[in-house]
Amino acid sequence: MLIRFPPKYRSPADLPHLQRNGLQWTVSHAFRNSPFYRDRMEAAGVRPEDIRSMDDLSRLPFTTAEDLRDGYPFPLLSVDSREIVRVHSSSGTTGKRKILCYTQKDIDDWLCMFARCYEMAGLSREDRVQICVGYGLWTAGAGFQLGAEKFGAMAIPSGPGNLDLQCTFLLDLQTTVICCTASMGLLLAEEVHARGIRDRLSLRKVILGAERVSDAMIATIRDLLGVKEVYDIPGLTEVYGPGTGLSCRHESGIHYWADYYILELLDPDTLEPVAPGEVGEMVYTTLGKEAAPLIRYRSRDLTRLIGGECPCGCILPRHDRILGRSDDMIVFRGVNIYPGQVDEVLSRVGGAGSEYQAHFERREDGKDHMILKVERAGAVGESAEDAMAREIASGIKHNLMVSCQVEILPYGSLPRSERKTRRVFDSRSY
Ligand code: ZN
């Protein structure tokens, strides 16, 4: 089905061979050209010639976000600086920014990966793609835009926020595809609904990226905008940027570009592979990245692999949506909780909206309490609240093994944001 930007292998049986070649290239390139990687590998007692099969991947040392910060301003640099044609940066929550550099080949590879996302989402050259994400140092704007141009669709770089401009362009330019964060998608959908302009739009698809997204949020956005297809695009600056895969139109998970990187799912504590289908930390090794190659980079993102053949027929492997980050994980009464689990429970409760906040507090009795504030969906009345609260509390108890108090709020009462919405509030002192 992917014709213009197909996988670089013919059948799943060919993938290990392709990945092994890429792994050998990356390890040898990094060892020869990066003092950082050479030191790490020597400390681990492994040399490029030791990497003979995919099993040898586990002999390689890990790379972390701290390594990127320590190497500021050009961490993991493995080429002459004259080869660098661009840098991007992701905002760190603490300390120095992470800066990643790109050669021209890195940029070209990224754009092919991104163009493949548009192809998989079923776009054509007729499409008009309104890109409502941040530009500049952040990778999102450049990725979505240059990917659209590479693919051959019309890019409309409207940037984030500015709902008035967004609605004007949706109408005047008859945009067919919107790309944004899930939070921005919700804001825009509610604005389109409030203005009553839905039926005058030509929107067909929404591509959501850069933020964890729940089924309930997708349902609200789909409803209010009147679009048929909503896609989820994962990615991180360290692995080029957004566009490392795309959710399948059969809603059977996210196909990821295993011909550009190896994805391991490891237990964040033991760093051993998790059992098939279990949740683990996404650890990346790139196969052809020149300027800042990644070897076993710990992303802290959590997901699970999805095995078997996809009903769409695509041979690229699949992982589930991002379920949270291992450093967002909350320890509550001895149980590990990550926000994606709350999303999963809420998406199965009829009448629950997409917006919620989870508050963790320690009361005077010394006990920890979890309070879940959940909005009702738009069309649901107050009379449904009690039953909904009971169903949510029982779903949390059943799936997360903890008790919580549930408060149902009217639709629209929790704050919206143009970037990423904060959902977890932990006021306990440790
Ligand atoms: Zn599929």
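**Close-up 1. The second largest cavity of the predicted model.** In this predicted model, the second largest cavity encloses about 40 Å³ of space. Its lining is made up of Asp-328, Ile-330, Ile-337, Tyr-338, Pro-339, Val-342, Ala-358, Phe-360, Met-370 and Val-424. Sorted by class, these lining residues comprise nine nonpolar and one charged, with no polar residues in the lining of the second largest cavity.

**Close-up 2. Secondary structure around the second largest cavity.** At least two residues of the lining of the second largest cavity are supplied by H9, and at least two by strand E20 (352–362). Among the residues that line this second cavity are Pro-339, Val-342, Ala-358 and Phe-360.

**Close-up 3. The largest cavity and its lining.** The largest cavity has a volume of about 70 Å³, and the residues lining the largest cavity are Arg-212, Val-213, Ser-214, Asp-215, Arg-321, Ile-322, Leu-323, Gly-340, Asp-343, Glu-344 and Ser-347. By class, the lining of the largest cavity consists of five charged, three polar and three nonpolar residues.

**Close-up 4. Helix H9 and the two domains at the largest cavity.** Helix H9 (residues 339–346) provides three residues, the largest share of the lining of the largest cavity. Both domain 1 (1–327) and domain 2 (329–426) take part in the lining of the largest cavity, with at least three residues drawn from each.

**Close-up 5. Cavities in the structure as a whole.** Counting cavities of 30 Å³ or more, the structure holds five, among which the largest has a volume of about 70 Å³ and the second largest contains about 40 Å³ of space.

Technical notes. Residues are numbered from 1 along each chain as its sequence is written. This is a predicted model: local features need pLDDT of at least 70, side-chain atom pairs count only at pLDDT 80 or more; totals for chains, interfaces and linings use all residues. Side-chain values use heavy atoms; hydrogens and water are left out. On a 1 Å grid over the protein atoms alone, a cavity is a set of points where a 1.4 Å probe fits but cannot get out, and a pocket is an open set with protein on both sides within 12 Å along at least five of seven lines; lining residues have an atom within 4 Å of a point. Grid points are joined across faces, edges and corners, and a volume is the space filled by probe spheres set on the points. Helices (H or I, at least four residues) and strands (E, at least two) are DSSP runs, numbered from the N terminus. Ala, Val, Leu, Ile, Met, Phe, Trp, Tyr, Cys and Pro count as nonpolar, Asp, Glu, Lys and Arg as charged, and the others, Gly among them, as polar. Domain bounds come from an automatic or database domain assignment.
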